[in-house]
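Let's explore a protein together, one question at a time. Have a look at the sequence and the structure, then follow along.

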Amino acid sequence: MDDTALINEIQSFLTTYHAAKTRYRHLVFSSKDMAIVEKLPTMISQLLPDYQIWDAEQPQLNHPPPINCGRKHFIDATFKNALSGLIICEPFNWLNHWSDEDKKVFWTLLGGKESVHNVVVISHESYEFKRLTHQLSPHTLNSQPVTAWASSKKQIL
C-alpha cells in the first residue's frame, strides 16, 4: 500500500465530509488490518495538526479520560471540551467495559451530534464495530484497505 495515496484519499474525504458546509463532521476511519490502523493516527494528525490525540496506550499524551471511566465522563470529554479538534485512537479501549447500550450511545452521538469541535475516530474494523455504527455510512477509499465513515444523516447545511 502506498502511504502517499492513502494520505491523499484521506485528505479528499476530509475535504468533503469534514468541511464547514457539512452539519455532522465527526468521522471514523477503520481497517481490518491492524498495521494500517496503527499508521492512521500519524497520517491523520499530519492532515489535522491542531487536533489533540487520545491514545489509550499513551495516556501521558494529551491526558485522555481514564480507561475505566464511565459513559458520561467519556462522552462529555469527547464532545463538550473546547478543543480545536480531537482524534481518538481505538475507542474500544475505553468502551470495552461498557454495556452494549452505552456503546451504542457513543457511536450514535458520533453519527448525529454537533459539538464545539470535530471528532475523528480511528478504529479496528471488527464485527462489534460494524454492529454498533448504525448511524454512520461507510465509504471505501479507492483501492485502499481503509473505510471512511460519515454520518448517515443529511450532511449539507
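Q: In which helix does Gln46 lie?
A: Before we start, note that this is a predicted model. Find residues 34–47, which form one helix. Gln46 falls within that stretch, so its helix is H2.

Q: Is Gln46 buried or exposed?
A: A residue counts as exposed when its relative accessible area is over 50%. For Gln46 that area is 51%. Gln46 is therefore exposed.

Q: How far apart in space are Gln46 and Thr15, C-alpha to C-alpha?
A: Along the sequence, 31 residues separate Gln46 and Thr15. In space, C-alpha to C-alpha, the distance between Gln46 and Thr15 is 14 Å.

Q: How many helices and strands does the protein have, and in what pattern do they follow each other?
A: The protein has 6 helices and 6 strands. Reading along the sequence, you meet them in the pattern α-β-α-β-α-β-α-α-β-α-β-β.

Q: What is the radius of gyration of the protein, and what does the globule rule give for 157 residues?
A: For 157 residues the globule rule gives 15 Å. The radius of gyration of the protein is close to that value, so the protein is as compact as a globular protein of that length. The radius of gyration itself is 14 Å.

Q: What share of the residues of the protein counts as buried?
A: To count as buried, a residue needs a relative accessible area under 20%. There are 157 residues in the protein, and the buried share is 46%.

Q: Among contacts between residues at least 6 apart in sequence, what share joins residues at least 24 apart?
A: Start with the contacts in the protein whose residues are at least 6 apart in sequence. Then keep those that join residues at least 24 apart, and the share is 74%.

Q: Which residues of H3 are buried, and what covers them?
A: Helix H3 runs over residues 71–79. Its buried residues are Phe74, Ile75, Ala77, Thr78 and Phe79. Their cover includes S2, S3, H4, H5 and S4.

Q: Where do Asn62 and His63 lie?
A: Asn62 has a positive phi of about 65 degrees, although it is not a glycine. His63 is not a glycine either, and its phi is also positive, near 45 degrees. Asn62 comes between strand S2 (52–55) and helix H3 (71–79). His63 too is found in the loop between S2 and H3.

Q: How exposed are Asn62 and His63?
A: Over 50% relative accessible area means exposed, under 20% means buried, and partly exposed is in between. Asn62 has 31% relative accessibility, so Asn62 is partly exposed. His63 has 65%, so His63 is exposed.

Q: How many disulfides does the structure have, and why do Cys69 and Cys89 not form one?
A: A disulfide needs two cysteine sulfur atoms within 2.5 Å. The cysteine sulfur nearest to that of Cys69 belongs to Cys89, but the 15 Å between these sulfurs is too far for a bond. Searching the whole structure gives a number of disulfides equal to 0.

Q: Are Cys69 and Cys89 buried or exposed?
A: The cut-off for buried is a relative accessible area under 20%. Cys69 has 6%, so Cys69 is buried. At 5%, Cys89 is likewise buried.

Definitions and conventions:
Residues are numbered from 1 along each chain as its sequence is written. This is a predicted model: local features need pLDDT of at least 70, side-chain atom pairs count only at pLDDT 80 or more; totals for chains, interfaces and linings use all residues. Side-chain values use heavy atoms; hydrogens and water are left out. Buried means under 20% relative accessible area, exposed over 50%, partly exposed in between (1.4 Å probe, protein chains only). Helices (H or I, at least four residues) and strands (E, at least two) are DSSP runs, numbered from the N terminus. The radius of gyration is taken over C-alpha atoms; the globule rule is 2.2 Å times the number of residues to the power 0.38. Contact means heavy atoms within 4.5 Å.
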